[in-house]
Amino acid sequence: MSKRKAKDAHLPIGECISQVHQILRKRFCHQQLPDKPEGVEAQHKHLAELLKRTAVHGESNSVLIVSPRGSGKTMLLRSVLRELSQETEVQKNLLQVHLNGLLQTDDRIALKEITRQLQLENVVGDRVFGSFAENLTFLLDALKKGDRSSSRPVLFVLDEFDLFACHKNQTLLYNLFDVAQSAQAPVAVVGLTCRLDVLELLEKRVKSRFSHRQIHLLSKLTFPQYLERVRDQLSLPDDFPDGKFAQEWNAAVTTLCEDRSAEEVLQRHFNSSTDFRSLHTLLMLCLSRVSVARPSITPADLLDASRLCLADANANMLHGLSILELCLIIAMKHLNDVYEGEPFNLQMVHNEFKKFLQRKSNSMYNFEQPVIMKAFEHLQQLELIRPADGASAKTQREFQLMRLMLDHGQIMEALQKYPQCPTDVKQWAMSAFA
C-alpha cells in the first residue's frame, strides 16, 4: 500500500529534477555495468571452466583475454568470478591477486603487492632472498595447508598485461608461467590486454612456458541494441517517488531515441565506440542540461553534448595560444610542406618567421630571440610539438629536431575560430596551405 502511495505521490518539479540527477549521475559516474557482457556466452563458459579447474581440482592454467578497450574484458572476468564465488569450495580455497601494469611498474613493486594481497608481510618479515624466483616460491609455500602436501590455489590477474612484458628480463611473467607450467603450486594466470601482438612482446623463455590460450572478445552489438542500451541508461526505475513524472520522463526518452536527428548523433558515436564509458560521458553531458526550465533531454541537447565529446583537444588548445605561438605553428607547417614532413628545429622556424616579417612594413611582430625561444618551449610543454625520434638531448636547444603534432585541418579550424586573428597572419597561413 505504502509503495503505491509513494508511486502516486506528486512531488514538486524541482524535487523530481533533483532526484533524476541523483539517480542518473550515480548510474553514469559509478559505471554501473550489466552483470554479464552480451554475446560472449562461449568465452564466459571457457574462462569459467579454466578457473574452476584451478580452484577446485588444483590444476594450473594460464590464459590471455584480448580485445579493444571498453569491450568487456574486466566485466567478463568479474562475472565469472562472481559466479564461481557462489560455490562453497571455491569460496574457501581460491585466493586472488590483482596487479595492474600501470601501477606495478617494475617487478619489485609487483612482488611487494603480491605479498600484501596474500597477507604474508609478517611471514616474510626481514628475510633476504637471493632471487625473485626464490621469493615467489617462498610466498607460495607459505600458502600450503596444514598437511603441507597441497597449497591453496592462487589466481593472478594481470591487467594491462602488455606493460608487464616491458619489465626488465620479464622476471615476473617468467616465474608465474614457470610455476603454472611445472605445477609447483595450483596457479591460474589471467592476462588482460588490448594488444593483438602481445605474444610477440614475450621473450622466448617466457613464451615457451605460456599455454598460448587466448580468449578474444569481438563486439557483435548492433545499432538497434545500442539504441536500446541508451534508452535503458536514461530511463527512470519503477520505484521513482513520483510515478507520473517517471512515466512522462521515460516517454520523452523513448521519443528522443526515435527522433531522426538524435539517431544520427548516436549512429556517429556507435561507429566511433560501443563501450559504456564513452556512452556514459555523452549522456552525462546531456543530463547536465536538464533543469526545472528544461525538464527533459532534447535532440538539440544530444547534438551539443556530441560536439563536446568529439571536440578536438589539440584544436581547442590552439585557441588559447598567443599570436607569436600561432605564427610559429604556421611557420612549422610551411617547413613541413617544403621538406615533406622532415623534422625541423627552432632556428629553421625562426628563419621562416623572419621571411614573413620581411614582407611586413610594421614592426608589430618583431620579437627578441629569448621571447621566441620561450614561445617554442611553451608549444613543447603543450605537446603540440615533440622531439623527433632519435634526437639527441645533448644538442643545443635551438638546433634540437622537432616534429609538429598537428595536421592541416586542426590549424585551419583554429585560425577560423581564433578571436581577432590579424588578417595578414590568416593570409600567410592560407599561402602555406594553398
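**Exercise 1.** Take C166 in this predicted model: work out whether C166 is buried or exposed, then look at its sulfur partners.

*Solution.* Start with the surface. C166 has a relative accessible area of 60%. The cut-off for exposed is over 50%, so C166 counts as exposed. Next, hunt for a partner: the nearest cysteine sulfur belongs to C194 and sits 12 Å away. A disulfide needs sulfur atoms within 2.5 Å, so C166 is in no disulfide.

**Exercise 2.** Do the same for C257: is it buried or exposed, and what is the distance to the nearest cysteine sulfur?

*Solution.* With a relative accessible area of 2%, C257 is buried. The nearest cysteine sulfur is that of C286, 10 Å away, and C257 is in no disulfide either. Now for the tally: the count of disulfides comes to 0.

**Exercise 3.** Lay out the sheet: what is the strand order, and which strands are at the edges?

*Solution.* Write down the order first: β2-β3-β4-β1-β5, an open sheet of 5 strands with parallel pairing. Then pick out the strands that pair on one side only, namely β2 (95-100) and β5 (214-216). From one strand to the next, the twist averages 15°. Finally, zoom in on β5: its parallel pairing with β1 (residues 61-66) runs over 3 bridges, and I215 in β5 stands opposite I65.

**Exercise 4.** Which strands does helix α10 lie across, and at what angle to β4 does it run?

*Solution.* Helix α10 covers residues 171-182. Going through the strands, α10 lies across β1, β2, β3 and β4. For the direction, α10 runs at about 135° to β4.

Definitions and conventions: Residues are numbered from 1 along each chain as its sequence is written. This is a predicted model: local features need pLDDT of at least 70, side-chain atom pairs count only at pLDDT 80 or more; totals for chains, interfaces and linings use all residues. Side-chain values use heavy atoms; hydrogens and water are left out. Two strands pair if DSSP finds at least two bridges between them. Helices (H or I, at least four residues) and strands (E, at least two) are DSSP runs, numbered from the N terminus. Axes are lines fitted to C-alpha atoms, for helices over the stretch in contact, and angles run from 0 to 180 degrees between N-to-C directions. Contact means heavy atoms within 4.5 Å. Buried means under 20% relative accessible area, exposed over 50%, partly exposed in between (1.4 Å probe, protein chains only).
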